[in-house]
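User: Could you take a close look at one part of this model and describe, in a connected way, how its pieces are arranged? Please begin with side-chain contacts that involve rings, and then move on to the part you consider in detail.

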Amino acid sequence: MLAARSPEDAEAMAGVLHIAGAIEKIGDAASDMARVIQAKLGIPDALRPDLRHADEIVGRVKVREGAPSVGRPLRELMLPTETGMWLIAVRRGVEWEFDPGPESVVTDGDVLLFQGPEEGVSLIREVAGAPPLPPGPETEPPALTELDRAVDILVEMKNSAEVAVGLAYSSLLFKDPALAAEVAMLEGRSDVLHDELESWVLKAAPEARRPDELRGLLRLAYASETIFDAARDMTWLIEQGEELHPVIAMALEESEEVATETVVEDGSHAAGRSLKDLQLETETGMFVLAIQRGRRWVYRPRPRFELEPGDRLISIGPEDGGDELAAVCAAPEPVQAPQ
């Protein structure tokens with residue numbers, strides 16, 4: 001700000017610091033989540049399997065010798081569009097490469113840390129030469145307990161917090177007050193979820209085998225609530241109608257994960273089909289954050305949601321995935337009549 005060319009430029013730079021502060025909040029919240037493990041507070045056993053079925057899951061796989069990915073750069077593998085999975089990091093021996101770039105080459109023995117939809121796990125394991133995961137046991141689920149309900153609410157908070165951050169990012173990119181308002185709605189809903197979770201945790205106290213696991217649950221809920229608040233902070237400039245500084249615009253445009261808005265056209269492959277049928281995450285690498293239908297918004301749409309012509313999709317994913325999603329939602333080119 002001291003290096004700004006004018007007082008007006010310095011004032012505009014304040015917006016950059018505001019967004020940077022919000023992003024730092026998210027980093028602090030992630031650190032608080034890690035402290036649950038570092039401080040050995042513990043978490044309920046039921047939380048881990050539930051997180052495996054969240055909207056986006058995190059996993060790891062070791063690259064086997066002779067795997068299809070060995071010796072190939074990430075640019076060639078196109079994991080986001082081919083499997084729906086993003087590589088968070090690659091561990092090679094004791095060395096870590098975070099946010100690997102397109103020229104990073106996969107070697108046997110690498111450990112890939114990935115994030116994406118549950119159905120993409122088997123695809124990325126195949127690329128890594130790893131055997132498929134065994135199917136889970138088909139047993140009749142027991143009746144829900146108070147602790148189960150608290151865990152379900154926390155998973156709901158996790159999914160919604162990720163969507164809130166994505167929508168906040170999209171509202172900045174598209175300068176869209178409607179998306180900013182949706183983030184505000186999610187943040188308000190998070191307060192209700194947090195209150196409900198605390199209530200169920202108190203009810204679960206008598207059945208808890210380890211009281212510390214309830215402390216861990218509350219700590220995770222508090223960190224999730226912080227992420228909601230940070231997402232709301234990110235949209236403040238849009239809500240106030242402030243002009244974004246060019247530094248913010250450049251940062252948004254240069255991000256490896258981009259936000260796109262796509263309209264479903266009449267006669268397109270997407271029209272009349274459900275998200276489950278389209279398999280957008282594994283086919284294009286794009287994760288649909290929200291859908292606008294008329295004046296109504298549907299955030300984090302479920303797999304059974306059927307798209308209609310005119311629906312506006314707000315999605316995040318790889319740059320080339322945006323083009324593939326646009327092709328799925330575009331009407332076919334008219335056939336030229338023979339001359």
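Analyst: In this predicted model, the charged end of Lys203 is placed over the ring of Trp200, at 4.4 Å from the centre of that ring. As for rings that meet other rings, the structure contains 1 aromatic pair. It is made by Trp96 and Phe98, whose rings are stacked, with 5.7 Å from centre to centre and 5 degrees between the planes. Trp96 counts as partly exposed because its relative accessibility is 41%, while Phe98, with a relative accessible area of 60%, is exposed.

The part to consider in detail is the sheet together with the helices that pack on it. The sheet is open and has 4 strands, which follow the order 5-8-6-7 and pair in antiparallel fashion. Its edges are formed by strand 5 and by strand 7 (296-299), each of which pairs on one side only. From one strand to the next, the twist averages 20 degrees. Within the sheet, strand 6 (residues 287-293) and strand 8 run antiparallel and are joined by 5 bridges; Phe287 has Ile316 of strand 8 as its bridge partner. Helix 6 (residues 146-174) packs on this sheet and touches strand 5, strand 6, strand 7 and strand 8, its direction making about 80 degrees with that of strand 5.

A further helix meets the sheet: helix 13 lies across strand 5 and strand 8, and runs at about 145 degrees to strand 8. Helix 13 spans residues 319-329, and its buried residues are Gly321, Gly322, Leu325, Val328 and Cys329. When helix 13 is viewed down its axis, these buried residues fall within an arc of 120 degrees, and they therefore line one face of the helix. An α-helix has 3.6 residues a turn, so residues three or four places apart point the same way. On the other side of helix 13, by contrast, Glu319, Asp323 and Ala327 are exposed.

What, then, covers the buried residues of helix 13? The cover includes two strands of the sheet already described, namely strand 5 (257-263) and strand 8 (312-318). Helices also contribute to it, among them helix 4 (79-83), helix 11 (275-278) and helix 12 (280-284). Taken together, helix 13 lies across strand 5 and strand 8, has its buried residues along one face, and carries exposed residues, including Asp323, on the other side.

How values were computed. Residues are numbered from 1 along each chain as its sequence is written. This is a predicted model: local features need pLDDT of at least 70, side-chain atom pairs count only at pLDDT 80 or more; totals for chains, interfaces and linings use all residues. Side-chain values use heavy atoms; hydrogens and water are left out. Buried means under 20% relative accessible area, exposed over 50%, partly exposed in between (1.4 Å probe, protein chains only). The arc is that of the directions from the helix axis to the C-beta atoms. Contact means heavy atoms within 4.5 Å. Rings of Phe, Tyr and Trp (its six-membered ring) pair if their centres lie within 6.5 Å; planes under 30 degrees apart count as stacked, over 60 as edge-to-face and the rest as tilted. A charge sits over a ring if NZ of Lys or CZ of Arg is within 6 Å of the ring centre and within 35 degrees of the ring normal. Two strands pair if DSSP finds at least two bridges between them. Axes are lines fitted to C-alpha atoms, for helices over the stretch in contact, and angles run from 0 to 180 degrees between N-to-C directions.
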